[in-house]
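Dear colleague,

Please find below the structure that I am handing over to you, with its sequence. My findings follow it.

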Amino acid sequence: GNLFISGQDIGWDVWTDPADLGHATPLSQEFYNDYMFANYLGDGGTSNKPLTANTDDPIFGDLGSISINEYYGSDYFFPDDIEPNGIGLPIFYYNSNTSKVGGVRGDNGIFKTVYIAAGIEMLGSEPEKTAIIKTAYNWFYGFTGTELVPGPTDGMGQNFPNPSNDFTYIPVSGATGNLTLNITDQLGRVLFSQQVKNDATLIEVNTSRLASGVYFYRLDSGFDYGTTKSMEVVH
């Protein structure tokens, strides 16, 4: 299902050994990377404020600048430094510094996640907290948001043959702009990508490199994601 998670030191805890008071395990780290679509870079500090929306993001980009309060006191102010992993996208920065990411979102066609590296209790005013949660909820369930505007990838069809052995073909129509075909496994991990020409009507995909199983494919435009479809490979 969809996941909204917000909290100071989540990354620190997941990537710090129990001997140093953390709770690192291979499973929690895999979850952090593959389901939260994030990488942990380091423990944050007092310079990690305010939280500023990425104006290029069509979902959260209008939320502006939101203060991060020292909810636990100045000696315990550590909003984690993170970065997107895989298909993750930056939705918030610290202090408008695009090299310091404070929030990511991801959509692999099966589930969506929003991860903010400061606790929701630390953020701004009550209306600002509500706006963040409402924006995430609406994106999860498709109620509002500019991502609902039909894009250039709506004409992607079902691959054939399906199941495939060595090659399969994906019909497309109305492909414009810079499009990338991404093939993912059932955990949402991108296994390989290939560029798609503007006027493409049929995409040839070499499936001989994939093990037998079920995979997912989609056309990404660079700032949003199109429809995801499944395909099967049998050798």
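Helices in this message are DSSP runs of H or I with at least four residues, strands are runs of E with at least two, and both are numbered from the N terminus. With that numbering, proline 161 falls in the loop between helix 3 and strand 9. Please note that the model is predicted.

Proline 161 deserves attention for its backbone: the peptide bond that joins phenylalanine 160 to proline 161 is cis, with omega near -10 degrees. Another cis bond links lysine 49 to proline 50, where omega is about -5 degrees. Proline 50 sits in the loop between strand 2 and strand 3.

Positive phi values occur at two residues other than glycine that I would mention. In leucine 21, phi is near 80 degrees; this residue belongs to the loop between helix 1 (10-14) and helix 2 (26-34). Leucine 21 has a relative accessible area of 68% and is therefore exposed, yet beyond residues up to four places away in sequence it touches Trp12 and Asp13. In phenylalanine 37, phi is near 55 degrees, and the residue lies in the loop between helix 2 and strand 2. Phenylalanine 37 counts as buried because its relative accessibility is 2%, the cut-off for buried being under 20%.

Turning to the interior, the largest nonpolar core comprises 31 residues, and Tyr32, Ile68, Phe92, Val114, Tyr115 and Leu123 have the most contacts inside it. At least two residues of this core come from each of helix 1, strand 2 (38-42), strand 3 (51-53), strand 6 (89-94), strand 7 (97-107), strand 8 (112-116) and helix 3 (126-141). Apart from this core lies another, of 17 residues, which includes Leu179, Leu181, Ile183 and Val196. Phenylalanine 92, leaving aside neighbours within four places in sequence, has contacts that include Leu51, Phe60, Leu63, Ile66, Val101, Ile116 and Ile132.

Strand 12 (residues 202-206) has two unlike faces: Ile203 and Val205 are on the covered one, whereas Leu202, Glu204 and Asn206 are on the uncovered one. This pattern may be read against a general rule: in a regular strand, side chains alternate between the two faces of the sheet. Strand 12 runs antiparallel to strand 9 (residues 167-171), and five bridges join the two. Within this pairing, threonine 168 has valine 205 as its bridge partner.

On the surface, Tyr71, Tyr72 and Tyr76 form a nonpolar patch of about 390 Å². Tyrosine 71, in the loop between strand 4 (65-66) and strand 5 (81-84), is exposed, with a relative accessible area of 52%.

The whole structure contains seven salt bridges. In one of them, arginine 189 pairs with aspartate 34, with the closest N and O atoms 3.6 Å apart. Arginine 189 is in the loop between strand 10 (179-184) and strand 11 (190-196), and aspartate 34 is in helix 2, so this pair ties together parts that are 155 residues apart in sequence. Aspartate 34 is buried at 12% relative accessibility, while arginine 189 is partly exposed at 34%. Both belong to a salt-bridge network that links Glu30, Asp34, Asp185 and Arg189.

Lysine 49, already mentioned for its cis bond to proline 50, forms a salt bridge with glutamate 70 (3.2 Å, N to O). Aspartate 81 and lysine 100 likewise meet in a salt bridge (3.2 Å, N to O). Since aspartate 81 lies in strand 5 and lysine 100 in strand 7, the pair ties together parts that are 19 residues apart in sequence.

With kind regards

Technical notes: Residues numbered from 1 in each chain as written. Predicted model: local features only at pLDDT ≥ 70, side-chain atom pairs only at ≥ 80, totals over all residues. Heavy atoms only, no water. Buried < 20%, exposed > 50% of the residue type's maximum accessible area, 1.4 Å probe, protein only. Pairing = 2+ DSSP bridges. Contact = heavy atoms within 4.5 Å. Core = buried A, V, L, I, M, F, W, Y, C linked by side-chain atoms within 4.5 Å. Patch = residues over 30% accessible without salt bridge, like charges linked within 9 Å, V, L, I, M, F, W, Y side chains within 5 Å. Areas by Shrake-Rupley, 256 points an atom, 1.4 Å probe, with all protein chains shown as cover. Salt bridge = Lys/Arg side-chain N within 4 Å of Asp/Glu carboxyl O.
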